[in-house]
Amino acid sequence: MCGLLPMTGEGVFSRDNGPGKGGTGMDIRGTGLEFDQHRIEELDQLRDAGYSLYPPVFERKVTIQEIREKFSSVGHEKSEEHLVTAGRLYTVRNHGKTIFADLGDEKARIQLYIRKNDIGEEQFDLFTRFVERGDIVGVAGHPFRTKLGELTIWVDAIVLLTKSLNSLPEKFHGLTNVEKRYRQRYVDLIVNPESRETFRKRSRLISELRSYLTERGFLEFETPILQPLYGGANARPFTTLHHCLGQNLFLRIAPELYLKRLVIGGFEKVFELAKNFRNEDIDTRHNPEFSMIEIYEAYRDYKDMMALSEGIISHLVHSITGEHKVAYCGECLDFTPPWRKISMEDAVKEYAGLDLRVLSLDELKRIAGEKGIEGYEHAASWRELLVLFFEELVEERLVQPTFIYDFPIENSPLAKKHRTKEGFTERFELFIYGMEIANGFSELNDPLDQLARFQRQDEMRKAGDMEAQMLDYDFINALGYGMPPTGGVGLGIDRLVMLVTGNSSIKEVILFPSMKSEVDTMPGPPDQGDSGDT
């Protein structure tokens, strides 16, 4: 165990047995590292003097949050209770023979009061010369409250645990450069407590989501991320090469087709918290690598999945925020059930003033052109234009939680045909603040119908539609063994976290979002015989 406490006879630094190990002699020029050369020189001086650095362990007895809770009513007199804690130094204020510092761990901060008379002149001088903001230290001492009312540890021993070679951002403003916050999330988490709180809430949300489903009898499974065929959504995949097999593989765009295989196999209530990958644009609502949950339940339909989605999300919002109403981007979002439900056709009538059934295809295309809607020229039916009008003129206006249901069959290749509306499917999407949050169906379980729709998708893909789905014969074969009537839904985890944390950009809720490289990292052609990935 490393030395800190008086019982060990060691202080800020302890000496190695034997002579000094000497400096590193490391040259970091041209590496892109942001190390402070002055701090590297300090390390070399300490090593030359034979001091022990980067000890392997430290026995922290209590966290700072626990100190703040236990000693919330402590007085101005130094308590007899002896504390041992650890954390990062966020400020160091030298007042001659006295130093005040702020120590922080994951959840809280506390002030330190360090006097030369208490830790000794040698150790005090070492601290003054070599310990700085950003360093991680262990401390021992007694709690008390200053005359200004600040809960403080009166330090009688301190040890350097980790020397920070990088300077922290300016103490009053933290890391404010947005791009750097995303590229160097570790710094963002160190200096911005609100960022740590966002990801703490994200972790809680995922834990609550799992509990909600498992308590209702759902089983969690893991399905392949590397797939020989991609499917389950209309999206462009990432492609890689498996050298041993000599075949292309795809990062999954959705776990849907594998989870349905499980339902066919006899598991009636299944879900997967999945990382998906789609080779698409990056913006405030999209990241190529994202998280979602897909849920399937036998003997249910899309109406049941709407009810399940409403129950899950309203529960999560209340669990994380403590209420059903949430302030988001200047709006008050009300998650109190029941939520509004409206068909896509009626939504276009209400928000865009268009009754597509009474207008000819030519008239609809003219209107689409006047409104600057892309892709209308290729529409072969009014239902295809319905989707375009909805996406362009309605989506962004759906602020409160709203289920849009009954989607055209042309853009729903995995959903069951509507039981009463010709040309439509039993499919819904949930929109909140103009964002799609959930997508669910009465799942198509007719293998011949599924084959025909996959064949149409395959034709579109071969004609150049990079987002059309592949023809998965094994999945069709699985359906041939019989899948019971099934309802399914996918929920976007990242967008849910955006809503409960009040963040308007998906990059704020993904720890390490995809970013354009600052340097050219594209590999050159491999040498002959190279076995590395391309």
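User: Happy to have you here! How many salt bridges does the structure hold?

Analyst: Glad to help! The structure, which is a predicted model, holds 42 salt bridges.

User: What makes Lys163 and Glu42 a salt bridge?

Analyst: Their closest N and O atoms are 3.2 Å apart. The cut-off is a Lys or Arg side-chain nitrogen within 4 Å of an Asp or Glu carboxyl oxygen, so the pair of Lys163 and Glu42 counts. As background, side chains of opposite charge can pair when their charged atoms come close.

User: Where do Lys163 and Glu42 sit along the chain?

Analyst: They link distant parts of the chain, 121 residues apart. Lys163 is in the loop between strand E7 (151-162) and helix H5 (178-183), while Glu42 belongs to helix H1 (residues 37-48).

User: Why is Lys163 called buried?

Analyst: Buried means under 20% relative accessible area, and Lys163 has 5% relative accessibility, so Lys163 is buried. Its partner Glu42 has a relative accessible area of 3% and is therefore buried by that cut-off as well.

User: Which residues are linked with Lys163 in a network of salt bridges?

Analyst: Lys163 is linked with Arg39, Glu42, Glu132 and Asp135 in that network.

User: How do you know that Glu256 and Lys260 are about one helical turn apart?

Analyst: Both are in helix H8 (residues 256-264), and because they are 4 residues apart there, about one helical turn separates them. Their side chains meet in a salt bridge, at 2.8 Å from N to O.

User: Are Glu256 and Lys260 buried or exposed, and why?

Analyst: Glu256 has a relative accessible area of 4%, so it is buried. Lys260 has 0% relative accessibility, so Lys260 counts as buried too.

User: What makes Glu429 and Arg427 a salt bridge?

Analyst: The closest N and O atoms of Glu429 and Arg427 are 2.8 Å apart, and the limit is 4 Å. Both residues are buried.

User: Nice. How do you know that the buried residues of helix H11 line one face?

Analyst: In H11 (residues 361-370), the residues Leu364, Ile367 and Ala368 are buried. Seen down the helix axis, the buried residues fall within an arc of 100 degrees, so they line one face of H11.

User: What does the face of H11 turned away from its buried side carry?

Analyst: That face carries the exposed residues Asp362 and Glu370. As for the buried residues of H11, what covers them includes helix H12 (382-393). After H11 comes Gly372, with a positive phi near 70 degrees.

User: Why is Arg109 called partly exposed?

Analyst: Partly exposed is the range between the buried limit of 20% and the exposed limit of 50%. Arg109 has 35% relative accessibility, so Arg109 falls in that range. Arg109 lies in strand E5 (residues 109-115). Leaving aside neighbours within four places in sequence, its contacts include Ile64, Arg68, Tyr90 and Pro193.

User: Which residues make the nonpolar surface patch?

Analyst: Tyr186, Leu511 and Phe512 make a patch of about 340 Å². Leu511 is in the segment after helix H15 (493-501). At 35% relative accessibility, Leu511 counts as partly exposed because its value lies between the two limits.

User: One last thing: where does pLDDT stay under 50?

Analyst: It stays under 50 over residues 17-22, which have 7 contacts beyond four places in sequence in the model. Residues 524-534 are also below 50, with 6 contacts beyond near neighbours in sequence. For the protein, the mean pLDDT is 91, and 91% of residues reach 70 or more.

Notes. Residues are numbered from 1 along each chain as its sequence is written. This is a predicted model: local features need pLDDT of at least 70, side-chain atom pairs count only at pLDDT 80 or more; totals for chains, interfaces and linings use all residues. Side-chain values use heavy atoms; hydrogens and water are left out. pLDDT is the predictor's confidence in each residue, from 0 to 100. Contact means heavy atoms within 4.5 Å. Helices (H or I, at least four residues) and strands (E, at least two) are DSSP runs, numbered from the N terminus. Buried means under 20% relative accessible area, exposed over 50%, partly exposed in between (1.4 Å probe, protein chains only). Patches are made of residues with over 30% relative accessible area and no salt bridge: like charges are joined within 9 Å, nonpolar side chains (Val, Leu, Ile, Met, Phe, Trp, Tyr) within 5 Å. Accessible areas come from the Shrake-Rupley method with a 1.4 Å probe; for residues, only the protein chains shown count as cover. The arc is that of the directions from the helix axis to the C-beta atoms.
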